[in-house]
Amino acid sequence: MINQEDFFKKITSHAKEYGFVFQSSEVYEGLSAVYDYGQNGVELKNNIRSYWWKAMVQFHENIVGLDSAIFMHPTIWKASGHVDAFNDPMIDNKDSKKRYRADVLVEDYIAKIEDKITKEVEKAAKRFGDTFDESQFVSTNARIIEYTQQIEATKKRLYGIMEQNDLVAFKQLIEDLAIVCPLSGTRNWTDVRQFNLMFSTQMGSTAEGASELFLRPETAQGIFVNYLNVQKTGRMKIPFGIAQTGKAFRNEIVARQFIFRMREFEQMEMQYFVRPGEELKWFEYWKEARMKWHLSLGIPANKYRFHNHEKLAHYANAAADIEFQFPFGFKELEGIHSRTDFDLGAHQKFSGKKMQYFDPELNESYTPFVVETSIGLDRMFLAILSNAYTEEQLEDVSERVVLKLPAVLAPYKAAILPLMKKDGLPEKAREIMDELKLNFMCHYEEKDAIGKRYRRHDAIGTPICITVDHQTLEDQTVTIRDRDTMLQERVAIENLSSLIFKKIKG
Ligand code: ATP
């Protein structure tokens, strides 16, 4: 069994070797936490985006799309609170010169205690066998009670500190917990400072006339400021949603986990506008609907879990994350937030424009409440990739690496392979390719032995390979080989389209 760190390294090098993800500006030694998607990566990414878009927009008659600009009026970020409060507390270790998010250091400390509890429970479960009562064990075992108390006390202090924005107390907490730098192993820390995560730039050609703009750190605000435009022109009735995908930018303090935390990334967000008082009902609805979306991709349910926020942001009255088990542990993949009327209210105040909706059923006007679902496209890409990457030992003792991607997301749906480069086989294969490529992303390949071509398509996750041989010329059938089972069967050319379609539908 390989350890998770090695496994993660394998995924990142596979992503590079097979044209999924490249370091940005690689020939200039790279740009930290910025990545480019290669020929296969861009297909996978487009397919994830489209799978999301279909589920949110196409399947919901009351949700429509939007594509707002990245540049927005700077006051928007004042109103949203990002100018004053989109900060992360940072701290440097003087020996390793590494920078950390102070809250993450404390959260990692808590996670370590949680791991200890899990280990104790696993040990006891083994010892007691069928008679094991986990809840009783957890509530009575002295060691676990102590661990739980430690966690509670640490969380209480952390949340208090974050609430008060007390940076001196933050450093004290890190010192009291004796947290060491994972690299240098020392406790030689700087003070904790706040760091705003927004990138800024200038708009205007002359220095005097230029105004400072921000690159949006989330796509949501573009939806809020357009909500009445969409509502009126689309004659939308509450409840309704607006969905948007697009780039967002954050000057992350620590960005060391490949495409998990990037400085330029893409979000897929949906804001659902509801009657005040009904937001918690819709919050529960969207929590469940989003989890169903994830599970519809066939990834095992035990790789997902909810994390309900104990400490809520000032604008939220409920919040939960959908966490995924990445190779480096369970981490946030998507957030579902009940944002009240905070954003619309703030834009009404700062812009002086009414943000109210007239509800014809109630015959009254109000500022709608908003429930948001927000997922990082790149994080979803990493989740899909890490779940799909599989190393298999074959019966003939050779090994293969196969990406077991859901067919609907695979870069290519089928590879079309003439067995040989002669006897009219390439021409026949081209004919099939020209027909199938009208509806599906397909790949034609005639170079190398057939086994080698199969392996290459295993490695990029192509669900089926279609081989054209001499028999094809006689009876209009081909061999199809299944990526996961490697089983082969003969099918008629005329059935290929419906077969691929079935595969994608799952
Ligand atoms: P984190 O706690 O990991 O920094 P967050 O709570 O700040 O995330 P949100 O502001 O809720 O994240 O953003 C919504 C989603 O956008 C996240 O669930 C994540 O999938 C994605 N996301 C946020 N920051 C990044 C980033 N730097 N790189 C890639 N994806 C990101």
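How far does a polar side-chain atom of R261 lie from an oxygen atom of the ligand? In this predicted model, the separation is 2.7 Å, and R261 also belongs to the group of residues closest to the ligand, together with E252, M262, E332 and L333.

**Around the ligand**

The shell around the ligand is made up of 16 residues, and when these are sorted by class, four are nonpolar, five are polar and seven are charged. R261 can be set beside two other residues, Q267 and R379, each of which also has a polar side-chain atom for which a distance to an oxygen atom of the ligand can be given, as the table shows.

| Residue | Distance from a polar side-chain atom to an oxygen atom of the ligand |
|---|---|
| R261 | 2.7 Å |
| Q267 | 3.4 Å |
| R379 | 3.0 Å |

If the ligand is considered alone, it exposes 590 Å², and the protein buries 85% of that area. Turning to the elements that contribute to the shell, we find three strands that each supply at least two of its residues, namely β10 (264-274), β13 (329-338) and β16 (369-376). The strand that gives the most is β13, which provides five residues of the shell.

**The second largest pocket**

Another place to look at is the second largest pocket, whose volume is about 790 Å³. Its lining consists of 29 residues, and those that lie nearest the centre of the pocket are Y51, K54, A55, F59 and V408. By class, this lining contains 16 nonpolar residues, along with six polar and seven charged ones. Here the elements to follow are helices: α2 (39-58), α10 (279-295) and α16 (496-505) each supply at least two residues of the lining, and the helix that gives the most is α10, with seven residues.

**A hairpin of two strands**

Further along the chain, strand β22, which covers residues 477-482, is joined by five bridges to strand β23, which covers residues 488-492, and the two strands run antiparallel. Which residue of β23 is the bridge partner of V478? The partner is V491. Together β22 and β23 form a hairpin in which five residues lie between the strands, and in the turn M486 has a positive phi of about 65 degrees. When looking at strands such as these, a reader may keep a general point in mind: in a regular strand, the side chains alternate between the two faces of the sheet.

Notes: Residues numbered from 1 in each chain as written. Predicted model: local features only at pLDDT ≥ 70, side-chain atom pairs only at ≥ 80, totals over all residues. Heavy atoms only, no water. Pairing = 2+ DSSP bridges. Helix = DSSP H or I, 4+ residues; strand = E, 2+ residues; numbered from the N terminus. Near = heavy atom within 4 Å. Polar contact = N/O pair within 3.5 Å; in protein donor to acceptor, adjacent residues only side chain to side chain. Areas by Shrake-Rupley, 256 points an atom, 1.4 Å probe, with all protein chains shown as cover. Nonpolar A, V, L, I, M, F, W, Y, C, P; charged D, E, K, R; others polar. 1 Å grid on protein atoms, 1.4 Å probe; cavity = no way out; pocket = protein on both sides within 12 Å on 5 of 7 lines; lining within 4 Å. Points joined across faces, edges and corners; volume = space filled by probe spheres on them.
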